[in-house]
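Open the model in a viewer and keep the selection panel at hand.

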Protein chains: 2
Amino acid sequence: MTIATALDTLSPLLGDRLSRSKSDLMAHGQSESYFPPMPPDAVAWPETVEEVSALARICSEHGCPIVPWGAGTSLEGHALAPQGGLCVDFARMNRLLEVHPEDMDAVAQPGLTREDLNRDLRATGLFFPVDPGANATLGGMAATRASGTTTVYHGTMAENVLGLQVVLADGRVIRTGTRARKSASGYDLTRLFIGSEGTLGLITELTLRLHGRPEAVSAAVCVFGAIPDAVECVIATIQSGIEVARIEFVDAATAAAVNAYSSGSFPEKPHLLVEFHGSEQGVSEQAQRFGDLAREMGGEGFRWSSQAEERSALWEMRHKAYWAVLASRKGARAVVTDLCVPISRLAEAVEETRADIDASPITGPIFGHTGDGNFHAILLIRDGVPEELEAAKAVSHRMVERALRMGGTVTGEHGVGMGKLDYMSAEHGDAWALMGDIKRVFDPTGILNPGKLIPPAG
Amino acid sequence: MTIATALDTLSPLLGDRLSRSKSDLMAHGQSESYFPPMPPDAVAWPETVEEVSALARICSEHGCPIVPWGAGTSLEGHALAPQGGLCVDFARMNRLLEVHPEDMDAVAQPGLTREDLNRDLRATGLFFPVDPGANATLGGMAATRASGTTTVYHGTMAENVLGLQVVLADGRVIRTGTRARKSASGYDLTRLFIGSEGTLGLITELTLRLHGRPEAVSAAVCVFGAIPDAVECVIATIQSGIEVARIEFVDAATAAAVNAYSSGSFPEKPHLLVEFHGSEQGVSEQAQRFGDLAREMGGEGFRWSSQAEERSALWEMRHKAYWAVLASRKGARAVVTDLCVPISRLAEAVEETRADIDASPITGPIFGHTGDGNFHAILLIRDGVPEELEAAKAVSHRMVERALRMGGTVTGEHGVGMGKLDYMSAEHGDAWALMGDIKRVFDPTGILNPGKLIPPAG
């Protein structure tokens, strides 16, 4: 009943696809979060669902923690191994298994990344819309209920996954959902696994809902004098029913960081970036309505494009935002925050956050998916300067309190992992204990991604 | 530990809002399904969440089954009381508690019906889109994951409920979700309760996602020579990305039934009924694209309207379909079926079903939400003629097998209740046992709506 005996038993099964090399352990013990490295005891690269089932059974018998690994892009330490154990890297289960263009769905393995999926789909005229920014794997995106820039139009992973194949802690393999577009057949296990962060089972296959590539796409960037004007324009856009495919906010500090990062010349003011999808006529009508509204609300410096290359140039600011902000302070790492509130409270939430950061000793550009009421402050801190980590944690803590006070959630899209564990009780009350009870049904010995999402034992 | 002692304990709490009168028991022991009446031992009309919590605690202590009741419109015997116990009728918890037009959401009690909700919302310019046909309660709609004619555009209850207040079996009151548009904060308990059919908890409050009333609505009816042409037109419409707000199919037998029911003069052939929502310009563009496509595929006899009254007249056939079909055979009752398949298999599924019914001794008009791959055959049988019930069950059984063979689900929208229990194992395999395990976390003594959805004990 030890990790060591589990790994000894796994070794003949996986051969050189089980590694205990220091470099492999370190590569799988890092994260994009501010937590220190927490490496596993070994890394496995299974190739089939049968192998995943066998390793789960063996780990279950020996009480060895299992930490699933996609692309390692999560921001709350989801794939760290605080209790050691086996990291299961899905890199070798990365195939697109089936595409059904006539049903607009596809079946993929969990290690396939969203960019590779969309490249493989190009010839079909279909695409998978969920875009969290990073080139994450589909398994990881499902496990964390990823969303991102297109969610205002196409929804999150919860709206875009029809079904799953999942390996349970004891090695049982189950299927949830079907290829039908809807079902009223029992508990929605698909949605229970989506967002469960590897704590209920290992996703080994996903049936994805695809969308037709729009006939026409039009994008625009516009500039506002102050944060409230830009955010009020987002609110008015959503409320007036203009069908934006994306509507993103970046603040002046983000624009400045992007200019420095890539010699840009964006005005160093708050921006909105919008995109419309549809027919030529529909897109142009919606874009015009947005333009009228934005100008009324003080938007200026409009740049429009319906050409792919020009659109990319317009969206450069948003696409580079995270890396530009990270590079804006030499040697800094980021504490990434993730607040989501009802849209009527958004301007207030952004302004309070901006003022709070400005009054702190650290910097923190703000950008986000404002159409959903969701934004991020990227709090920049230097390693080895504990006062800065403390200041960042304090700002983050006040953002969380703000979200709850305004009727929102402590995480719009980054998930709980280890980073938001302390706030689950405040958001969910008794329902958090219930999550722990559900977890024990799926994983009675607690081997699946321990230390994440549910209440700590004891 | 008996139902009788539970009711005696409840009596002082609820006063005349606890009834054991024969007429109340019979009214709450009926259903729209083919099951015989199964009355409860008493009916309660709670007025507050505190009363619901108290009655759950008392029933829990005494082992008394609880069967929640909304409007009694479910089709699979969800609200029958096969083990007796207490029926909890939410008729007195039917208030709209909050409307937040700026956030496009509202908070309602479970006994509010969808028509009453939309009447109350009229002045706001917003509406709640889920439309299962019957004027069901919102609590019942959430509990059965209702969908219907607008699902192709607006989704099911799963996409339109942001959060819930739920009373658990032991009387604990929890909240799921927030008023934020999205969240990655832990297990998706909201979606776990939606579709759980009263087996996990009693819904006492719902936070609903509202939508803007469209600026323009355009509706059309067209006629096809044969079923495959109409269904292929639906498939082509969905695949070509035309944004239909509704796209409904009715077969020749349904058209004939509506003519007989309301002296109509619809051609007695397969029809499609479509609706487009959006801006004046957008609606007219989409409608034109649909018209071109439908004509190419043999559609004729187009009637269009963008005026509210004329639209109602066009949609009369669909709105009256169920009652017209029911009236088409004197003294008959209906065995309602509910198949949902990937859309590429829809024409085949409808044709096979039509041929199967035509070869049987019973009649069964077909109509449905073909945009989602979902349709119903309304199998008409006479009470007291067991051969007809047997024939209907055999047709229904073959429809279910067809759905599974084609990669679909045994129930698109009507739910499991008692009617689809026998097919859960075939659809879900080991995942059905897992549903039973989840149920025991929420309701260890099995008092919540026993006999529905999960595997029978023992």
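The tour goes from the symmetry axis to the interface and then to the core.

This is a predicted model, in which local features need pLDDT of at least 70, side-chain atom pairs count only at pLDDT 80 or more, and totals for chains, interfaces and linings use all residues. Residues are numbered from 1 along each chain as its sequence is written, while chains are lettered from A and ligands numbered from 1 in the order in which they are written.

Start with both chains. Chain A superposes on chain B by a rotation of 180° with 0.0 Å of shift along the axis, at RMSD 0.0 Å (least squares on the C-alpha atoms of residues with pLDDT of at least 70 in both copies). The two copies are therefore related as by a two-fold rotation axis. Select Gly282(A): its C-alpha is the one in chain A nearest the axis, at 2.9 Å.

Next, select the interface. Chain A and chain B each put 70 residues into the contact (C-beta atoms, placed from the backbone, within 7 Å). Helix 16 of chain A contributes the most to the side that touches chain B, eight residues (helices are DSSP runs of H or I, at least four residues, numbered from the N terminus). Because 100% of the interface residues of chain A are also interface residues in chain B, the copies meet through the same surface.

Finally, go to the largest nonpolar core, which has 292 residues (buried Ala, Val, Leu, Ile, Met, Phe, Trp, Tyr and Cys joined through C-beta atoms within 7 Å; buried means 20 or more other C-beta atoms within 10 Å). Leu86(A) and Leu272(A) touch the most other members. Around Leu86(A), leaving aside neighbours within four places in sequence, the contacts include Leu7(A), Leu55(A), Cys59(A) and Ile66(A).

Notes
Two residues are in contact if their C-beta atoms, placed from the backbone, lie within 7 Å. Helices (H or I, at least four residues) and strands (E, at least two) are DSSP runs, numbered from the N terminus. A residue is buried if 20 or more other C-beta atoms lie within 10 Å of its own, exposed if 12 or fewer, and partly exposed in between; C-beta atoms are placed from the backbone.
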